[in-house]
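The following exercises concern helix packing and charged side-chain pairs. Each task is followed by a solution in steps.

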Amino acid sequence: MAHVNVTINGRQFRMACDDGQEDHLHNLAAEVNAKVEQLKGAFGEIGDTRLTVMAAIMTADEVVDMRRRLESAEAELTELRESRGQLQARAEARETSIARALDEAAATIERVVGQLNASPRAAS
């Protein structure tokens with residue numbers, strides 16, 4: 001297990017993470033710190049705890065919004081897949097119908113040709 005020092009709101013915190021996840025943890029801490037700095041710019045010094053809670057709520061709001069968007073995109077993808085399946089089924093049915101019609105037309109043409117070949121020809 002690796003240990004990383006991160007800085008949030010000017011304070012250092014020593015944190016543990018899985019080996020190889022150090023950069024990811026630094027990036028996450030930078031995101032949190034950016035939110036804290038954004039809040040400090042908007043509200044001034046309102047206390048570490050309050051800034052941290054507000055940053056956590058902002059992050060949670062973003063996560064909830066992303067989940068909602070992801071669920072919506074997944075629902076749309078499911079709907080599109082179902083539509084694609086229905087369209088494929090209709091296309092296959094049309095192909096079958098067209099193939100049947102072509103077979104019938106070919107059979108009719110063959111029958112007519114056969115009848116023309118079998119009928120006595122008018123004297124020339």
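**Exercise 1. Classify Glu45 by its relative accessible area and place Glu45 among the salt bridges.**

Solution.
Step 1. In this predicted model, Glu45 has a relative accessible area of 61%. The cut-off for an exposed residue is over 50%, so Glu45 is exposed.
Step 2. Glu45 pairs with Lys40 in a salt bridge whose closest N and O atoms are 3.7 Å apart.
Step 3. Lys40 also meets the side chain of Glu37 in a salt bridge, at 3.4 Å from N to O.
Step 4. Through these shared partners, Glu37, Lys40 and Glu45 are joined into one network.

**Exercise 2. Determine where Glu37 and Lys40 lie in the helix and how accessible they are.**

Solution.
Step 1. Both residues belong to helix α1 and are three residues apart, which is about one turn of the helix.
Step 2. Partly exposed residues fall between the cut-offs of 20% and 50%. Glu37, with a relative accessibility of 37%, is therefore partly exposed.
Step 3. Lys40 has a relative accessible area of 21%, so Lys40 is likewise partly exposed.

**Exercise 3. Describe the packing of α1 against α2.**

Solution.
Step 1. Two packed helices are described by the angle between their axes and the distance between the axes.
Step 2. Helix α1 spans residues 22-43 and helix α2 spans residues 48-118. Their packing angle is about 115°, and the axes are 9 Å apart.
Step 3. The handedness of the α1 and α2 crossing is right-handed.
Step 4. On the α1 side, the contact comprises Lys35, Val36, Gln38, Leu39, Lys40 and Phe43. On the α2 side, it comprises Leu51, Met54, Ala55, Met58, Thr59 and Glu62.
Step 5. By residue class, the contact of α1 with α2 contains seven nonpolar, two polar and three charged residues.

**Exercise 4. Explain which parts of the structure the salt bridge between Lys35 and Glu62 ties together, and state the accessibility of each partner.**

Solution.
Step 1. Side chains of opposite charge can pair when their charged atoms come close.
Step 2. The whole structure holds five salt bridges. One of them links Lys35 and Glu62, with the closest N and O atoms 2.7 Å apart.
Step 3. Because Lys35 lies in helix α1 and Glu62 in helix α2, the pair ties together parts 27 residues apart in sequence.
Step 4. Lys35 has a relative accessible area of 9% and is buried, whereas Glu62, at 39% relative accessibility, is partly exposed.

Notes. Residues numbered from 1 in each chain as written. Predicted model: local features only at pLDDT ≥ 70, side-chain atom pairs only at ≥ 80, totals over all residues. Heavy atoms only, no water. Axes fitted to C-alpha atoms, helices over the stretch in contact; angles between N-to-C directions. Helix = DSSP H or I, 4+ residues; strand = E, 2+ residues; numbered from the N terminus. Left-handed = near helix turned anticlockwise from the far one by under 90°. Contact = heavy atoms within 4.5 Å. Nonpolar A, V, L, I, M, F, W, Y, C, P; charged D, E, K, R; others polar. Salt bridge = Lys/Arg side-chain N within 4 Å of Asp/Glu carboxyl O. Buried < 20%, exposed > 50% of the residue type's maximum accessible area, 1.4 Å probe, protein only.
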